[in-house]
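Please look through the model below with this note beside it. The points that follow deal with how some helices pack and with a pocket.

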Amino acid sequence: MTSGYGIVLRRAVAADAGAAADVWLRSFAAALPTVVRPRADDDVRGYFRDVVVPLRETWVAEETAGGSGIVGVMVLNGALLSQLYLDPGRRGRGIGDRFVALAKERSPQGLTLWTFQVNKPAHRFYERHGFVAVEHTDGSGNEEREPDVRYVWRP
């Protein structure tokens, strides 16, 4: 568990699944308005409840000051950083930086991740943290059928 600036990063527990899914939904809608989601909101919530939180290394950012609760979520699956989403109102406050530092600490041999080609702010964010784009696809390999980019970080 790491803390600072009224935000605590901690492992998610079952009771966090709904709030983590809601952060994902709000963040996805704000950051990727042109990307069509293949799953309904309730399906996303069920996936977080049944798969993400119990079966993946899921971390949440919890705002302790002001009682706002869960404001970010990061999911690691081995060396794959599979999810990193922040509440839209909490971007630019260093929470994402702290999540990436934690991911590097948890996977010191390296990390890989995918992000959509249209998500230019994510490209800048990950590149600032030393990730390098190594593959661009036409999106045929993801549910959204949206062109994406694979990034890799090596220490």
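**Note on helix packing and the largest pocket**

1. H1 and H2 are oblique to each other, because oblique is the word for angles that are not under 35 degrees (roughly parallel), over 145 (roughly antiparallel) or 65 to 115 (roughly perpendicular). Their axes cross at roughly 130 degrees and come within 9 Å, where axes are lines fitted to C-alpha atoms, for helices over the stretch in contact, and angles run from 0 to 180 degrees between N-to-C directions. Helices (H or I, at least four residues) and strands (E, at least two) are DSSP runs, numbered from the N terminus.

2. This is a predicted model, in which local features need pLDDT of at least 70 and side-chain atom pairs count only at pLDDT 80 or more, while totals for chains, interfaces and linings use all residues. Residues are numbered from 1 along each chain as its sequence is written, and side-chain values use heavy atoms, with hydrogens and water left out.

3. Which residues of H1 meet H2? They are Ala17, Ala20, Ala21, Asp22, Trp24 and Leu25, and their partners in H2 are Asp41, Val44, Arg45, Phe48, Arg49 and Val53, contact meaning heavy atoms within 4.5 Å. The residues of this contact comprise eight nonpolar, no polar and four charged; Ala, Val, Leu, Ile, Met, Phe, Trp, Tyr, Cys and Pro count as nonpolar, Asp, Glu, Lys and Arg as charged, and the others, Gly among them, as polar.

4. Helix H3 (residues 95-106) packs against helix H4 (residues 120-128) at an angle of about 50 degrees, with the axes 11 Å apart, which makes H3 oblique to H4. On the H3 side the contact is made by Gly96, Asp97 and Val100, and on the H4 side by Phe125, Tyr126 and Arg128. By class, the residues of this contact are three nonpolar, one polar and two charged.

5. The largest pocket (on a 1 Å grid over the protein atoms alone, an open set of points with protein on both sides within 12 Å along at least five of seven lines, where a 1.4 Å probe fits; lining residues have an atom within 4 Å of a point) is lined by 44 residues, and Ser82, Gln83, Leu84, Tyr85 and Trp114 lie nearest its centre. E5 gives the most to this lining, with seven residues.
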